[in-house]
Amino acid sequence: MAPPLTMVKPGTAWSDAWQRSLAVAPEAFRDDRVLNHWAASWRTDGRSLAATSPVDGTPVVGPPRLDAATAQQAVRAGLDEHRAWRHVPLPEREARVGATLDALSEHRDLLALLLVWEIGKPWRLARADVDRAIDGVRWYVDGIEPMLEGRSPLPGPVSNIASWNYPMSVLVHAMLVQALAGNAVIAKAPTDGGVACLTLACALAAREGIPVTLVSGSGGDLSEALVRSPEIGCVSFVGGRDTGARIATAVADLGKRHILEQEGLNTWGIWNYSDWPALTAVIPKLFDYGKQRCTAYPRFVVQRSLFADFLAAYLPAVRSLRIGHPLAVEHPDDPLPQLDFGPLINAAKAKELEDQVSEAIGRGAVPLHRGTLDEGAFLPDQDTSAYVPPVTLLNPPPSSPLHYAEPFGPVDTIVLVDTEAELLAAMNASNGALVATLSTDDPDTYDRLSPQIRAFKTGHGKPRSRGDRDELFGGFGHSWRGAFVGGELLVRAVTDGPAGERPPGNFPDYHLMP
């Protein structure tokens, strides 16, 4: 049995992170709130919402709620900044973005600590999120000149609307590359978490002269300004299919440039396979951050004759998962715990997922594994309402959301198949995905079946991910709409090229692979 935990590691409390943020960027923070940034100044617009950390219920700062009229003013001001920034010479843009990266590196651990408290990332993953943002943008700074040859900034700023789970490696990364390419950038702070981390990153960028606008509020109040405004040159969205579909309709009606990354049910197929130790080794990695990411694998499609072997490899791995408070220790000088995941984004999401599991079991799904929080590493009497232990279900009923949608939590589902046709049908259950994997011993079988899997990236026995630097990223079917990104495609997506250019992507009237 692990020794009892007794405290949040000294120096890592939310109060410590908040006071450090106030000291580093006093222009962007007040005693009890974060500020929004537009027209090149920090502003106290909007009513701040109360918020609590998913880690243990500690009160944290919430996003200010702007109204539609203020958001529209911010967008118009962003266009003015864009018109000036697009004429700034590339060497100066490179220098300003490079200086921003140096500042982010200096405050890397503070940004990571804010991520732990605001969205529940374990320390290892929070630091990795910050590092991926910095390292990824540096790659663009070092190689941007040939990517921009013959290209020009968009007519208006790029509007970024992203989910809460990767505020640094997805949102800040995209914003800085967009700015490097000559665009002013607008970002909507995620409502569910990450606002303090994003505010600090934007403060460091604004100090270096990056034309960044940061606004916050409900999507319903701000969407008219951030999506439909004629001032906007491109809409970049990361989130769910329902919201993405509404944005897609709006940008299609307006003929506006767009990048819309939505979720799909990413699947892992098992067919004529025998390297079970390799599968056992990878299972814990698939649970990183409780599968709260768009490239998680929540569905295994398993050849029925291999099911017993699959379980023998899978169950010991899932039983070894480490869950708990990301900052709890026994002694003050102990290192922070090494966890696979901590809480979900909030208690409401945890309850929703638990209800879906119970409903699926009630309708016939077979529970193969149900972890308990008793096995987790928590402080005495800690609020654990946002935590969900790992669950594995066999054959979720078709009526269950767990059958056809991404759960965005630590719940795996397994479907058994007998033929290759059934394998492909089950792997393509959500009409398009971002990633997939097929584990099979025979390379010829992989080469024959993988092109029929409707995922942008398919791995042979290994997980695929968003990727970094020159690795391209997109999706098939309903998982992606608009231009693909990654490598030089991200720059092409937010710049204008030759007349008549058709960017690679998934559009209403064409689908073009790179």
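Axes are lines fitted to C-alpha atoms, for helices over the stretch in contact, and angles run from 0 to 180 degrees between N-to-C directions. The model used in these exercises is predicted.

**Exercise 1.** Describe how helix 2 and helix 8 are oriented to each other, and list the residues of their contact.

*Solution.*
1. Helix 2 covers residues 68-85 and helix 8 covers residues 219-228; their axes come within 8 Å and cross at roughly 25°.
2. Angles under 35 degrees count as roughly parallel, so helix 2 is roughly parallel to helix 8.
3. The crossing of these two helices is right-handed.
4. Helix 2 contributes A68, A71, Q72 and V75 to the contact, and helix 8 contributes D221, L222, A225 and L226.
5. By class, the residues of this contact are six nonpolar, one polar and one charged.

**Exercise 2.** Do the same for helix 1 and helix 4.

*Solution.*
1. The axes of helix 1 (residues 14-24) and helix 4 (residues 108-119) cross at roughly 135° and come within 10 Å.
2. Helix 1 and helix 4 are therefore oblique to each other.
3. The crossing of helix 1 with helix 4 is left-handed.
4. On helix 1 the contact involves W14, A17, R20, S21 and V24; on helix 4 it involves D109, L110, L113, L114, W117 and E118.
5. Seven of these residues are nonpolar, one is polar and three are charged.

**Exercise 3.** Find which helix gives the most residues to the largest nonpolar core.

*Solution.*
1. This core has 127 residues, and L104, M168, L279 and F310 have the most contacts inside it.
2. Helix 5 (residues 123-148) gives the most, with twelve residues.
3. A second, separate core has 21 residues, including A71 and F237.

Terms used:
Residues numbered from 1 in each chain as written. Predicted model: local features only at pLDDT ≥ 70, side-chain atom pairs only at ≥ 80, totals over all residues. Heavy atoms only, no water. Core = buried A, V, L, I, M, F, W, Y, C linked by side-chain atoms within 4.5 Å. Buried < 20%, exposed > 50% of the residue type's maximum accessible area, 1.4 Å probe, protein only. Helix = DSSP H or I, 4+ residues; strand = E, 2+ residues; numbered from the N terminus. Parallel < 35°, antiparallel > 145°, perpendicular 65-115°, else oblique. Left-handed = near helix turned anticlockwise from the far one by under 90°. Contact = heavy atoms within 4.5 Å. Nonpolar A, V, L, I, M, F, W, Y, C, P; charged D, E, K, R; others polar.
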